[in-house]
Amino acid sequence: MKNHDKKDLILDSIIETYLLDNAPIGSSELNLNLCIPASTIRVYLKRLSDEGLITQLHISSGRIPTVLTMQNYWQNYWKEKQNENLIKITNEVFLKELSKEFEIYCLVYGGRNLILKEIFNLNAKFIILDFEDEELVLKYTKEAWEFLKTLIGFDLFSIENIALRVSFMELVDKITCLRQNLIYYRSNEERAYQIYQNDEFVKLLDCGVHHYFKDSLEFEPLFKEGFMGLKVDGQFLGEDVNIILAGSVYTDYKKILKQIKEAA
């Protein structure tokens with residue numbers, strides 16, 4: 001076995017074992033798991049430590065992966081699996097139990113399929129934005145009318161982003177009110193607070209969090225060091241939704257997603 005392969009194998013074993021047990025792993029346990037001589041394992045443990053990939057909580061304890069290692073681990077996993085992770089939730093109680101068991105914050109909200117189909121001029125007094133399943137009503141101005149015509153075909157969250165950039169605050173406020181009706185489920189708000197330990201946690205409490213996710217997997221600066229969030233497309237009780245899961249980088253999200261799929 002090549003040295004590079006041994007090093008990766010040892011690191012992967014430390015990660016997988018820590019996700020499973022949340023306990024440091026030593027050279028003896030790695031020796032049993034991998035059938036690599038303990039003396040060889042100790043050499044690679046030192047290399048991994050020197051490279052900042054693993055660390056020891058105490059001098060006498062085994063090793064655990066560093067936050068950076070876990071970030072890289074989840075990035076690689078998500079790069080391969082995110083297109084397979086459309087999930088269906090058919091039981092609200094199950095989702096609540098899962099949030100508690102894995103100490104994650106969970107938010108489920110709709111709106112990702114709300115597309116601006118058409119706009120209507122109502123007697124030069126109001127502009128009606130038709131999202132098919134939802135409507136917004138704004139005061140009519142010629143400038144607003146011309147601007148909104150350019151947004152036909154855009155989804156709700158993209159329109160909100162654009163409105164924020166151009167400071168179209170009436171539209172922003174209307175969408176903010178609509179967003180409150182799009183929340184289907186939320187659990188473990190205490191965990192959201194623990195992630196930030198200050199008032200920043202409120203950004204996770206409604207579907208405005210959509211703006212903070214540049215990708216479907218986020219670490220810092222959106223989350224404090226050691227935490228992460230996933231934004232997953234899914235279905236909740238038959239409705240198309242986005243699902244936000246947030247918690248520690250040491251949480252086993254693979255197991256969470258697997259249990260959700262199995263329950264469905």
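**Exercise: Leu 237 and its backbone**

Decide whether Leu 237 is buried, partly exposed or exposed, and find its place in the fold.

Solution. Start with the scale: buried means under 20% relative accessible area, exposed means over 50%, and partly exposed lies in between, with a 1.4 Å probe and protein chains only. The areas themselves come from the Shrake-Rupley method with a 1.4 Å probe, and for residues only the protein chains shown count as cover. Leu 237 has a relative accessible area of 49%, so this residue is partly exposed.

A word on the ground rules: this is a predicted model, in which local features need pLDDT of at least 70 and side-chain atom pairs count only at pLDDT 80 or more, while totals for chains, interfaces and linings use all residues. Residues are numbered from 1 along each chain as its sequence is written, and side-chain values use heavy atoms, leaving out hydrogens and water.

Next, the place: Leu 237 sits in the loop between β10 and β11. Helices (H or I, at least four residues) and strands (E, at least two) are DSSP runs, numbered from the N terminus. Finally, look at the backbone: phi of Leu 237 is near 50°, a positive value in a residue other than glycine.

**Exercise: another positive phi, and a cis bond**

Where does Asn 188 lie, and which residues are joined by a cis peptide bond?

Solution. Asn 188 is in the loop between β8 (183-187) and α9 (189-196). Its phi is near 65°, which is positive although the residue is not glycine. With 22% relative accessibility, Asn 188 counts as partly exposed. For the cis bond, go to Glu 220 and Pro 221, where omega is about 10°. Pro 221 belongs to the loop between β9 (217-218) and β10.

**Exercise: the strands beside that loop**

Compare Asp 233 with Ile 243: is each one buried or partly exposed?

Solution. Place them: Asp 233 is in strand β10 (residues 227-236), and Ile 243 is in strand β11 (residues 239-248). Then read the accessibilities: Asp 233, at 39%, is partly exposed, whereas Ile 243, at 1%, is buried. Follow Ile 243 to Tyr 185: their C-alpha atoms are separated by 9.3 Å, with the two positions 58 residues apart along the chain.

Asp 233 also has charged company, for it forms a negative surface patch with Glu 132, Asp 133, Glu 239 and Asp 240. Such patches use residues with over 30% relative accessible area and no salt bridge, joining like charges within 9 Å and nonpolar side chains (Val, Leu, Ile, Met, Phe, Trp, Tyr) within 5 Å.

**Exercise: salt bridges across the sequence**

How many salt bridges does the structure hold, and which residue pairs with Lys 7?

Solution. A salt bridge needs a side-chain nitrogen of Lys or Arg within 4 Å of a carboxyl oxygen of Asp or Glu. The total is eight. Lys 7 meets Glu 51 at 2.7 Å, N to O. Because Lys 7 lies in helix α1 (residues 3-21) and Glu 51 in the loop between α3 (38-50) and β1 (54-56), the pair ties together parts 44 residues apart in sequence.

Helix α1 takes part again through Glu 16, which bridges to Lys 254 in helix α10; this pair therefore links parts that are 238 residues apart in sequence. The closest N and O atoms of Lys 254 and Glu 16 are 3.3 Å apart. Both partners are partly exposed: Lys 254 at 25% and Glu 16 at 36%.

For a local case, take Glu 146 and Lys 149, bridged at 3.3 Å, N to O. Both lie in helix α6 (residues 142-149), three residues apart, about one turn of the helix. Glu 160, Arg 179 and Asp 206 form a network of salt bridges.

**Exercise: aromatic pairs**

What is the geometry of the pair formed by Trp 74 and Tyr 253?

Solution. Rings of Phe, Tyr and Trp (its six-membered ring) pair if their centres lie within 6.5 Å; planes under 30 degrees apart count as stacked, over 60 as edge-to-face and the rest as tilted. By this rule there are 13 aromatic pairs. Trp 74 and Tyr 253 are 5.4 Å apart, centre to centre, with 85° between the planes, which is edge-to-face. Since Trp 74 is in helix α4 (residues 67-81) and Tyr 253 in helix α10 (residues 253-263), the pair ties together parts 179 residues apart in sequence. Both residues are buried, and they share one aromatic cluster with Tyr 73, Tyr 77 and Trp 78.

Terms used
Lys, Arg positive; Asp, Glu negative; His and termini not counted. Charge placed at Lys NZ, Arg CZ, Asp CG, Glu CD.
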